[in-house]
Amino acid sequence: MPHARTRNPSPIPEVTWDTGLKEMNETWKGAIACLGVAVFFVMTIGIIYWQVVDQPNKNWILKGGFSGLIWERRANSLLIQTLSEDKTFVEIDVGNVGTPDMEVPFVRNLCWLNKTEFCYTWDSVAEVKISLEIADDSETECYSMTWTPVHCHVELKDCFSMANVSWYGGASVHTPSWPINDMDVSMQSFRVSDLRDNPSGFGSVLERYFLGSSGVAVLVAPHIPLYVGVQSKQQFCLQTAPGMERMPLQYTVCVGQNIKTVHQEAVQQLSVPFRELPNLNVLRLPFWKLPANVDSGVKVERELRTFSNRLKRHHLGEGVIGLDEHSTSLLSNMDHDYLNGRRRTLKRQTRDLPFVKLLNISVTLSPYLSVDTQQFQTSVQDGTQDYWLSLPSGPQARLVPLLTLWRGKYCVKLNITNPEAINWFLERVGSLHSRLGMEYIILDGGEGNPFKEQALRPPPALTGDEYVGLLAGLAERIGDNAIVSAGTRSSHKPLFIRMSALQSDWSYAGLKGIIPSLLHYSLLGYNFFIPDAVGGSLSSELVTDDELFIRWLSIMAFLPVLSFQTPPWASEDDKVLNFTRVYIAKHQEFVVPLIEKYAEEWQVNGNPVYRPLWWVSPEDPATFTIDDEFLIGDQVLVAPVTEKGVLQRDIYLPNSDFQWQDTNNAKVFDGGTLLQSYPAGLGDVPIFVRKTS
């Protein structure tokens, strides 16, 4: 039975739903569309306003007890400031996350559960992790930064501003500057090199440590490949090279009350806790380079006899006569069989011992061996090629020694990772000592990496400056009479280090560079060094400028060791010889006891023996750029003349709480005083001793 349709009892006409909806859409279609567009437009404007106008330019990322880390989005910079924002310790231009034309929005902390860590990932660039480290017994706060590239084509680069900050540390260079703000160094691998061969590179003392006058220290992780560049008066930059390994850029920034405080804390991280003193007998005698240009050991021995007699004749006392590598080789290869060729009485045998054994001499050795020598030919025949840095070659991967230039000759370099090669070298030293009886051994040639020089990948044990560190370990095994020519991460070892050679002129590559180099070495922990010879030794020519010689001598007398290449009797003016006698005596009687006193302090707490003026006045901006005065401990201020033809100079005496007494005339001056046009005659050095109550 069919169903009957129910009728609508309502008086409203029956209309289907589809018809009504269509009529409504037609009516409101335009209005709803306009409303949607308006809402979308308002939301877009709001987001843009929040990002560009309403969002603050500075955002706190981490906060410590007295300092905090700020992200400044418009400049793409990280700032470390006091919490009150009245002092900026450092500004770091983060070149990893954008360009100056592109603002990077405020970053959200992905480690928000931990208030001492900040984590974030910039798309297609790098991941960053920053940790705040606060020790209970420390006066500093440290921010450990690690940038990790997200793919192999990213070049990480962070730059530290020099605006209102004087920076120190890093590496020695051909033309030193104190502070480093006036340097210009192109971006290059941060490793030790020989400045004779690479004058635009980094020199013989290098640490991954930078110190700022605002109370900031930067310590870079030791084992990552690092590039460093310095733009004069603008910034210095740390950089990694892009590569398949995706090496991180890792460093720690520590801040403290002032530059002295933060350095004293940072130096504990820079070296091992236990520091060993070297043989301080090195301080007592001047070093004289033997000016021998001869071709046989017999002639070297004759030159030694003549030079020794001249030292006595000119009343210059005892000294250490230094042989270069060539003279050492000639002397060590002398045939001494004549000593055993005839029967002698005991008295005769004593008198006929080689003359050199009766002298204080130093010899020079290096890890290089010329390929022209019989020793190298023998090693090839004996199959001991692995005694030298080598590369596998051919289908059987036979080792082939790597050739490199050293002092103008093709040489091979000792494989310092091979224990058998080390034993061979030590036996060579022992044989040399029994034959010559030398007082000191100078180990030259640690600088440079033959693999890097030839664009070859070094073995893992010899990446970076590992060779320099291993050579320092070899020097330790030789004994406390070893002197090295390069240092990195080895300031705690009981070794003297020889400074790089300087030009024989008045420039910062010559005499003016002595004090900046002195302060740089000491700041990095290398207090025990042998300076370059009086008058400079970059050239083999003798110094003919008497004024330069005397002014140079008057600075050197206050350094750890006096060394000479030009003998003072080479001058026609007797005053050169007289001043030499005076300053040798002054060094032995006045300076050596001071060094011994402050050497003990360095061993205990790491405070440098030679100190910049800001050490006793760390919040006085006037002390930050003084590069021609220095302190020995906190006790003695030395202000030599470094300008040609000058008989007076301005001298700044630091710390208004101190009083300083001139040792030449007993006059007393208050600290915080600038003495203008203070007299300093030729041969005179203004020396001030801090008065104690």
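Colleague: How much space lies in the largest cavity?

Modeller: About 100 Å³. Bear in mind that this is a predicted model.

Colleague: What does a search of the whole structure find by way of cavities?

Modeller: Nine of them, each 30 Å³ or more.

Colleague: And which residues lie closest to the centre of the largest cavity?

Modeller: Ser-490, Ser-491, Leu-495, Ile-497 and Tyr-526, out of the 13 residues that line that cavity. Ser-491 sits in the loop between β25 (482-484) and β26 (496-498).

Colleague: Is Ser-491 buried or exposed, and how do you know?

Modeller: The relative accessibility of Ser-491 is 10%. The word "buried" applies under 20%, so at 10% Ser-491 counts as buried. Beyond its neighbours within four places in sequence, Ser-491 is in contact with Ser-271, Leu-524, Gly-525, Tyr-526 and Trp-602.

Colleague: Gly-525 has come up there. What is special about the phi of Gly-525, which follows α10?

Modeller: That phi is positive, near 100°.

Colleague: What makes you call helix α10 mostly covered?

Modeller: Count the residues: α10 covers 514-523, and 10 of its 10 residues are buried. Among them are Ile-514, Pro-516, His-520 and Tyr-521.

Colleague: On to α7, then. How do you know that the length of helix α7 agrees with its number of residues?

Modeller: Helix α7 has 18 residues, 419-436, and at 1.5 Å a residue they should span 26 Å. The expected span uses one less than the number of residues. The end C-alpha atoms of α7 are 26 Å apart, so expected and modelled values agree.

Colleague: Which residues of α7 are buried?

Modeller: Ala-421, Ile-422, Phe-425, Val-429, Leu-432 and Leu-436.

Colleague: Why do you say that those residues line one face of the helix?

Modeller: Look down the axis of α7: the buried residues fall within an arc of 105°, so they line one face. As background, an α-helix has 3.6 residues a turn, so residues three or four places apart point the same way.

Colleague: What do the buried residues of α7 pack against?

Modeller: Their partners are α4 (325-332), β18 (361-365), β24 (440-443) and α9 (466-478). On the face turned away from the buried side you find Pro-419 and Glu-427, both exposed.

Colleague: What makes Asn-418 a cap for the N-terminal end of α7?

Modeller: A side-chain oxygen of Asn-418 lies 2.9 Å from the backbone nitrogen of Glu-420. The cut-off for a polar contact is 3.5 Å, and 2.9 Å falls within that cut-off. After α7 comes Gly-437, with a positive phi near 65°.

Colleague: What makes the phi of Asn-76 worth a look?

Modeller: The value is positive, near 55°, in a residue other than glycine. Asn-76 has its place in the loop between β2 (67-72) and β3 (77-82). Its relative accessible area is 3%, under the 20% cut-off, so Asn-76 is buried.

Colleague: Ala-666 also has a positive phi, near 70°. Why is Ala-666 called partly exposed?

Modeller: The relative accessible area of Ala-666 is 46%. "Partly exposed" runs between 20% and 50%, so a value of 46% puts Ala-666 in that class. Ala-666 is in the loop between β33 (659-662) and β34 (668-670).

Colleague: Why is Arg-649 called buried?

Modeller: Its relative accessible area is 9%, which is under 20%, so Arg-649 is buried. Arg-649 belongs to strand β32 (residues 648-653).

Colleague: What joins the side chains of Arg-649 and Glu-629?

Modeller: A polar contact of 3.4 Å, which is within the 3.5 Å cut-off. Not counting neighbours within four places in sequence, Arg-649 is in contact with residues including Asp-628, Pro-640, Leu-675 and Tyr-678.

Colleague: How far apart are Gly-448 and Val-192, in sequence and in space?

Modeller: They are 256 residues apart in sequence and 6.2 Å apart in space, C-alpha to C-alpha. Gly-448 lies in the loop between β24 and α8 (450-453). At 14% relative accessibility, under the 20% cut-off, Gly-448 counts as buried.

Colleague: One last thing: what makes the bond from Trp-178 to Pro-179 a cis peptide bond?

Modeller: Its omega is near 0°. Pro-179 lies in the loop between β9 (167-171) and β10 (185-189).

Note on methods
Residues are numbered from 1 along each chain as its sequence is written. This is a predicted model: local features need pLDDT of at least 70, side-chain atom pairs count only at pLDDT 80 or more; totals for chains, interfaces and linings use all residues. Side-chain values use heavy atoms; hydrogens and water are left out. Helices (H or I, at least four residues) and strands (E, at least two) are DSSP runs, numbered from the N terminus. Buried means under 20% relative accessible area, exposed over 50%, partly exposed in between (1.4 Å probe, protein chains only). The arc is that of the directions from the helix axis to the C-beta atoms. Contact means heavy atoms within 4.5 Å. A polar contact is a pair of N or O atoms within 3.5 Å; within protein, one must be able to donate a hydrogen and the other to accept it, and residues adjacent in sequence count only if both atoms are side-chain atoms. On a 1 Å grid over the protein atoms alone, a cavity is a set of points where a 1.4 Å probe fits but cannot get out, and a pocket is an open set with protein on both sides within 12 Å along at least five of seven lines; lining residues have an atom within 4 Å of a point. Grid points are joined across faces, edges and corners, and a volume is the space filled by probe spheres set on the points.
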